[in-house]
Amino acid sequence: GRVTLVWHAASAPRAKEEERRVWLARSTDDGKTFAPEKAAWSEPTGACGCCALRAATDERGRISVLYRAARNTTDRGMYWLGGAAGKSLAGKRLDHWNVGTCPLSSEAMAVGPAGIIGAWENNGQIYWTKLDPAGGDVGLPTAAPGTG
(Lines give C-alpha, C1' and ligand atoms only; values in the text may rest on other atoms or scores of the structure.)
Protein backbone atom coordinates (compact mmCIF):
# COMPACT_ATOMS: atom_id res chain seq x y z
CA GLY A 1 0.00 0.00 0.00
CA ARG A 2 3.00 2.37 0.04
CA VAL A 3 3.53 4.85 -2.80
CA THR A 4 6.36 7.39 -2.93
CA LEU A 5 6.45 10.28 -5.40
CA VAL A 6 9.85 11.84 -6.13
CA TRP A 7 10.63 15.00 -8.13
CA HIS A 8 12.94 18.00 -8.22
CA ALA A 9 11.64 21.55 -8.14
CA ALA A 10 12.37 25.04 -6.93
CA SER A 11 12.16 25.59 -3.19
CA ALA A 12 10.60 29.05 -3.70
CA PRO A 13 9.25 31.14 -6.59
CA ARG A 14 12.04 32.45 -8.83
CA ALA A 15 14.64 30.30 -7.07
CA LYS A 16 17.98 29.74 -8.76
CA GLU A 17 19.04 26.24 -9.82
CA GLU A 18 21.29 25.89 -6.78
CA GLU A 19 18.18 26.43 -4.62
CA ARG A 20 16.24 23.60 -6.28
CA ARG A 21 15.72 20.42 -4.25
CA VAL A 22 14.60 16.83 -4.53
CA TRP A 23 11.16 16.37 -2.92
CA LEU A 24 9.19 13.36 -1.63
CA ALA A 25 5.53 12.76 -0.92
CA ARG A 26 4.49 9.45 0.62
CA SER A 27 1.24 7.51 0.82
CA THR A 28 0.42 4.47 2.93
CA ASP A 29 -3.04 3.85 1.43
CA ASP A 30 -2.24 2.89 -2.18
CA GLY A 31 -1.99 6.53 -3.26
CA LYS A 32 -5.44 7.64 -2.13
CA THR A 33 -3.91 10.31 0.11
CA PHE A 34 -0.38 11.67 0.55
CA ALA A 35 1.48 13.23 3.44
CA PRO A 36 2.73 16.78 2.76
CA GLU A 37 5.81 16.88 0.55
CA LYS A 38 9.19 17.30 2.20
CA ALA A 39 12.75 17.78 1.08
CA ALA A 40 14.37 14.39 0.46
CA TRP A 41 17.74 15.50 1.85
CA SER A 42 18.95 18.51 3.82
CA GLU A 43 22.22 18.98 1.90
CA PRO A 44 22.06 22.08 -0.34
CA THR A 45 23.20 20.54 -3.64
CA GLY A 46 20.72 22.21 -5.96
CA ALA A 47 19.14 20.12 -8.72
CA CYS A 48 19.70 20.68 -12.42
CA GLY A 49 16.35 21.84 -13.79
CA CYS A 50 16.76 20.32 -17.27
CA CYS A 51 18.38 17.00 -16.31
CA ALA A 52 16.27 13.97 -15.50
CA LEU A 53 15.85 12.39 -12.07
CA ARG A 54 15.39 8.63 -11.61
CA ALA A 55 13.94 6.75 -8.66
CA ALA A 56 13.57 3.04 -7.98
CA THR A 57 12.57 0.83 -5.05
CA ASP A 58 13.88 -2.57 -4.12
CA GLU A 59 11.78 -5.57 -3.02
CA ARG A 60 11.51 -4.17 0.54
CA GLY A 61 10.35 -0.73 -0.54
CA ARG A 62 13.69 0.99 0.07
CA ILE A 63 14.17 3.89 -2.32
CA SER A 64 17.11 5.02 -4.45
CA VAL A 65 17.21 8.35 -6.32
CA LEU A 66 19.80 9.60 -8.83
CA TYR A 67 19.93 13.28 -9.76
CA ARG A 68 22.35 15.87 -11.14
CA ALA A 69 23.37 18.69 -8.79
CA ALA A 70 23.47 22.36 -9.67
CA ARG A 71 25.82 23.96 -7.16
CA ASN A 72 26.92 27.42 -8.29
CA THR A 73 27.05 27.64 -12.07
CA THR A 74 29.54 24.87 -12.87
CA ASP A 75 29.23 22.02 -10.33
CA ARG A 76 27.00 19.37 -12.00
CA GLY A 77 28.05 16.21 -10.15
CA MET A 78 25.77 13.17 -9.79
CA TYR A 79 24.19 12.43 -6.40
CA TRP A 80 22.46 9.39 -4.92
CA LEU A 81 19.82 9.41 -2.19
CA GLY A 82 18.69 6.20 -0.54
CA GLY A 83 16.91 4.77 2.45
CA ALA A 84 13.93 2.95 3.88
CA ALA A 85 10.39 4.01 3.08
CA GLY A 86 9.16 6.58 5.59
CA LYS A 87 12.66 7.41 6.86
CA SER A 88 15.05 10.23 6.04
CA LEU A 89 17.23 9.51 3.04
CA ALA A 90 21.01 9.37 3.15
CA GLY A 91 22.91 11.11 0.36
CA LYS A 92 26.25 10.61 -1.36
CA ARG A 93 28.07 12.36 -4.15
CA LEU A 94 28.93 9.88 -6.91
CA ASP A 95 31.15 12.07 -9.08
CA HIS A 96 32.26 15.58 -9.98
CA TRP A 97 31.53 17.36 -13.27
CA ASN A 98 32.47 20.97 -13.70
CA VAL A 99 30.69 22.29 -16.76
CA GLY A 100 29.38 25.79 -17.37
CA THR A 101 26.14 24.68 -19.04
CA CYS A 102 23.38 22.21 -18.34
CA PRO A 103 24.44 18.82 -19.74
CA LEU A 104 20.81 17.74 -20.41
CA SER A 105 21.61 14.26 -19.17
CA SER A 106 19.65 11.41 -17.66
CA GLU A 107 20.19 8.42 -15.41
CA ALA A 108 19.03 4.81 -15.35
CA MET A 109 18.48 2.20 -12.65
CA ALA A 110 17.84 -1.52 -12.73
CA VAL A 111 16.53 -3.53 -9.78
CA GLY A 112 17.46 -7.20 -9.51
CA PRO A 113 18.20 -9.96 -6.99
CA ALA A 114 21.66 -8.49 -6.29
CA GLY A 115 20.25 -5.02 -5.56
CA ILE A 116 20.01 -1.78 -7.52
CA ILE A 117 22.46 -0.75 -10.23
CA GLY A 118 22.58 2.93 -11.21
CA ALA A 119 24.11 4.41 -14.39
CA TRP A 120 24.72 7.99 -15.54
CA GLU A 121 26.81 10.10 -17.90
CA ASN A 122 29.75 12.31 -17.03
CA ASN A 123 31.44 14.28 -19.83
CA GLY A 124 30.52 11.77 -22.54
CA GLN A 125 31.41 8.64 -20.53
CA ILE A 126 28.85 6.28 -18.96
CA TYR A 127 29.46 5.17 -15.35
CA TRP A 128 27.62 2.65 -13.20
CA THR A 129 27.68 1.40 -9.61
CA LYS A 130 25.73 -0.70 -7.12
CA LEU A 131 23.39 1.28 -4.85
CA ASP A 132 22.43 -0.05 -1.42
CA PRO A 133 19.51 1.82 0.16
CA ALA A 134 19.50 -0.60 3.12
CA GLY A 135 23.00 0.29 4.31
CA GLY A 136 23.36 3.69 2.66
CA ASP A 137 26.36 2.51 0.67
CA VAL A 138 27.37 2.89 -2.94
CA GLY A 139 30.05 1.02 -4.81
CA LEU A 140 32.96 2.59 -6.61
CA PRO A 141 31.70 4.15 -9.88
CA THR A 142 32.98 2.15 -12.85
CA ALA A 143 33.33 3.45 -16.41
CA ALA A 144 31.58 1.43 -19.08
CA PRO A 145 34.06 -0.24 -21.49
CA GLY A 146 35.30 1.89 -24.39
CA THR A 147 35.56 5.60 -24.83
CA GLY A 148 32.66 7.99 -24.46
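This report describes the fold, sheet, cores and two buried polar residues of a predicted protein model.

**Overall shape**

The protein has zero helices and twelve strands. Along the sequence, its pattern reads β-β-β-β-β-β-β-β-β-β-β-β. The C-alpha atoms fill a box of roughly 45 × 40 × 20 Å along the principal axes. For 148 residues, a compact globule would have a radius of gyration near 15 Å, and the protein agrees, at 15 Å. Buried residues account for 36% of the 148 residues. Sequence-distant pairs also contribute: of the contacts with a separation of 6 or more, 44% join residues 24 or more positions apart.

**The four-stranded sheet**

An open sheet is built from four strands, in the order β4-β5-β6-β7, with antiparallel pairing. β4 and β7 (90–93) stand at the edges; each has a single partner strand, so one side of each lacks a neighbour in the sheet. From one strand to the next, the twist averages 15°. Within this sheet, β5 and β6 pair in the antiparallel sense over six bridges. One bridge can be named: Ile63 has Gly83 in β6 as its partner.

**Nonpolar cores**

The largest nonpolar core contains 14 residues. Val6, Val22, Val65, Tyr67 and Leu81 have the most contacts inside it. Two or more residues each come from β2 (20–27), β5 and β6 (78–83). β5 gives the largest share, three residues. Val22 shows how this core is knitted together. Beyond four places in sequence, Val22 touches Val6, Trp7, His8, Lys38, Ala39, Ala40, Leu53, Val65, Tyr67 and Leu81. A second, separate core has seven residues, among them Trp80, Leu94, Trp120 and Leu131.

**Arg68, a buried arginine**

Arg68 lies in strand β5, which spans residues 63–68. Its relative accessibility is 1%, so Arg68 counts as buried, the cut-off being under 20%. What surrounds this side chain? Leaving aside neighbours within four places in sequence, Arg68 is in contact with Gly46, Ala47, Cys48, Cys51, Arg76, Gly77, Met78, Trp97, Pro103, Ser105, Glu107 and Glu121. Two of the partners also appear in the polar pairs of Arg68. The side chain of Arg68 makes a polar contact with the side chain of Ser105 at 2.8 Å. It also reaches the backbone oxygen of Glu121 at 2.7 Å. Cys102 is 34 residues away from Arg68 in sequence, yet the C-alpha atoms are 9.6 Å apart in space.

**Asp58, in a loop**

Asp58 sits in the loop between β4 (53–57) and β5. Is Asp58 buried or exposed? With 11% relative accessibility, Asp58 counts as buried. Its side chain reaches the backbone nitrogen of Arg60 at 3.0 Å. Not counting residues up to four places away in sequence, Asp58 touches Val111, Ile116 and Pro133.

**Polar pairs side by side**

The table collects the polar pairs of both residues.

| Side chain | Partner | Distance |
|---|---|---|
| Arg68 | Ser105 side chain | 2.8 Å |
| Arg68 | Glu121 backbone oxygen | 2.7 Å |
| Asp58 | Arg60 backbone nitrogen | 3.0 Å |

**β5 as a common thread**

β5 recurs throughout this picture. β5 pairs with β6, gives three residues to the largest core and holds Arg68. The loop that carries Asp58 leads from β4 to β5.

Methods. Residues numbered from 1 in each chain as written. Predicted model: local features only at pLDDT ≥ 70, side-chain atom pairs only at ≥ 80, totals over all residues. Heavy atoms only, no water. Buried < 20%, exposed > 50% of the residue type's maximum accessible area, 1.4 Å probe, protein only. Contact = heavy atoms within 4.5 Å. Polar contact = N/O pair within 3.5 Å; in protein donor to acceptor, adjacent residues only side chain to side chain. Core = buried A, V, L, I, M, F, W, Y, C linked by side-chain atoms within 4.5 Å. Pairing = 2+ DSSP bridges. Axes fitted to C-alpha atoms, helices over the stretch in contact; angles between N-to-C directions. Rg over C-alpha atoms; globule rule 2.2 N^0.38 Å.
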